[in-house]
Amino acid sequence: MKSKKSGVPVTFSARGDHCSHRLTISSTFPINFFIRHRHIDLHRAITVFPRPLSCHNQGKSNLQHEHGTQDTMQRGYEGDISRIGDYVGGEPLKMIHWKLSARHDNLKIKELAAQQQPPVEIEPLALPGCDLEQKLSCASYLINDLIRRHHPVGLKLGSELISPGFGTNHKIHLLKVLAHYGQD
């Protein structure tokens, strides 16, 4: 028999760590004639992140460097031409500089500078919101949105400072910090 996997929406009462869970799975068979159910005890910690709530219309006074990109010294595929180099293989054909290659014995490629979004430091306590939960929800939304748009994102909570970074692991780290903030 083939095993099926399915997602189940679960709502938790609060953010943070939740350690033991009892799940009840039920189904009607055949056609509501009777109900079968099974209880499953999960002994696994689950971290619940703050619920992301958009706060774009409420101002962004604490976000630094909101617009624009910066060229870096790293090679990329979307920035300005930083130099012309020799074709060594593996570069996309669109990067070949055909006019310059026609004047030389070998192919020349356009080396572009990578574009990097400016870093953003989020200070949740300075964000709009009536209480701590709304401020953390706004910060959670901003972290997800900015990392999706390739901004390096950092976090400042009181004296704790997390440097801006990229990627899914960094995003999860920031969201875990928000999930546990103020629960001591």
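**A disulfide, a small sheet and two helices**

With 75 degrees about the S-S bond, the disulfide that links Cys55 and Cys138 is right-handed, and I would like to start from that link and work outwards. Please keep in mind throughout that we are looking at a predicted model.

The structure holds 1 disulfide, and in it the sulfur atoms of Cys55 and Cys138 are 1.7 Å apart. The pair links distant parts of the chain, since Cys55 sits in the loop between strand E2, residues 34–48, and strand E3, residues 70–86, while Cys138 belongs to helix H2, residues 132–148, and the two are 83 residues apart. Are these two cysteines, Cys55 and Cys138, buried or exposed? Both Cys55 and Cys138 are buried. Two further cysteines can be set beside them: Cys19 is exposed, with a relative accessible area of 51%, which passes the cut-off because exposed means over 50%, and Cys130 is exposed as well, with a relative accessible area of 74%.

Let me now step back to the chain as a whole. There are 3 helices and 7 strands, and from the N terminus on the elements run β-β-β-α-β-β-α-β-β-α. Of the 184 residues in the chain, buried residues make up 29%. If we take the contacts with a separation of 6 or more, 60% of them are accounted for by residues 24 or more positions apart.

I turn next to the sheet. Which strands form it, and in what order? It is an open sheet of 3 strands in the order E5-E6-E7, and the pairing is mixed. Strand E5, residues 120–122, and strand E7 stand at the edges, each with a single partner strand, so one side of each is left without a neighbour in the sheet. From one strand to the next, the twist averages 20 degrees.

Within this sheet, E6 and E7 pair in the antiparallel sense over 4 bridges. Looking at individual positions, Val153 has Gly165 in E7 as its bridge partner, and Leu155 stands opposite Ile162 in E7. The hairpin of E6 and E7 has 2 residues between the strands, and Gly158 takes a positive phi near 65 degrees in that hairpin.

Two helices lie across these strands. H2 lies across E5 and E6, running at about 165 degrees to E5, whereas H3 lies across E6 and E7 and runs at about 155 degrees to E7.

How do H2 and H3 stand to each other, and at what angle do they pack? They pack at an angle of about 175 degrees, with their axes 10 Å apart; angles over 145 degrees count as roughly antiparallel, and H2 and H3 are therefore roughly antiparallel to each other. On the H2 side the contact is made by Leu136, Ala139, Ser140, Ile143, Asn144 and Ile147, and on the H3 side by Gly167, His170, Lys171, Leu174, Leu175 and Leu178. As background for reading such a list, an α-helix has 3.6 residues a turn, so residues three or four places apart point the same way.

Helix H3 deserves a little more detail. It covers residues 167–180, has 14 residues and reaches 20 Å from its first C-alpha to its last, close to the 20 Å expected at 1.5 Å a residue. The buried residues in H3 are His170, Leu174, Leu175, Val177, Leu178 and Ala179, and the buried residues of H3 pack against strand E1 (16–29), E2, H2, strand E6 (153–157) and strand E7 (160–165). Just after H3, Gly182 takes a positive phi of about 75 degrees.

To finish, I return to H2 for one residue, Gln134, which lies in that helix. Gln134 is partly exposed, because its relative accessible area of 36% falls between the 20% under which a residue is buried and the 50% over which it is exposed. Which residues does Gln134 touch, leaving aside its neighbours within four places in sequence? With those neighbours left aside, Gln134 is in contact with Pro128 and Gly129. The C-alpha atoms of Gln134 and Pro124, which are 10 residues apart along the chain, are separated by 9.4 Å.

Definitions and conventions
Residues are numbered from 1 along each chain as its sequence is written. This is a predicted model: local features need pLDDT of at least 70, side-chain atom pairs count only at pLDDT 80 or more; totals for chains, interfaces and linings use all residues. Side-chain values use heavy atoms; hydrogens and water are left out. A disulfide is a pair of cysteine sulfur atoms within 2.5 Å. Buried means under 20% relative accessible area, exposed over 50%, partly exposed in between (1.4 Å probe, protein chains only). The expected span of a helix is 1.5 Å times one less than its number of residues. Contact means heavy atoms within 4.5 Å. Two strands pair if DSSP finds at least two bridges between them. Axes are lines fitted to C-alpha atoms, for helices over the stretch in contact, and angles run from 0 to 180 degrees between N-to-C directions. Angles under 35 degrees count as roughly parallel, over 145 as roughly antiparallel, 65 to 115 as roughly perpendicular and the rest as oblique.
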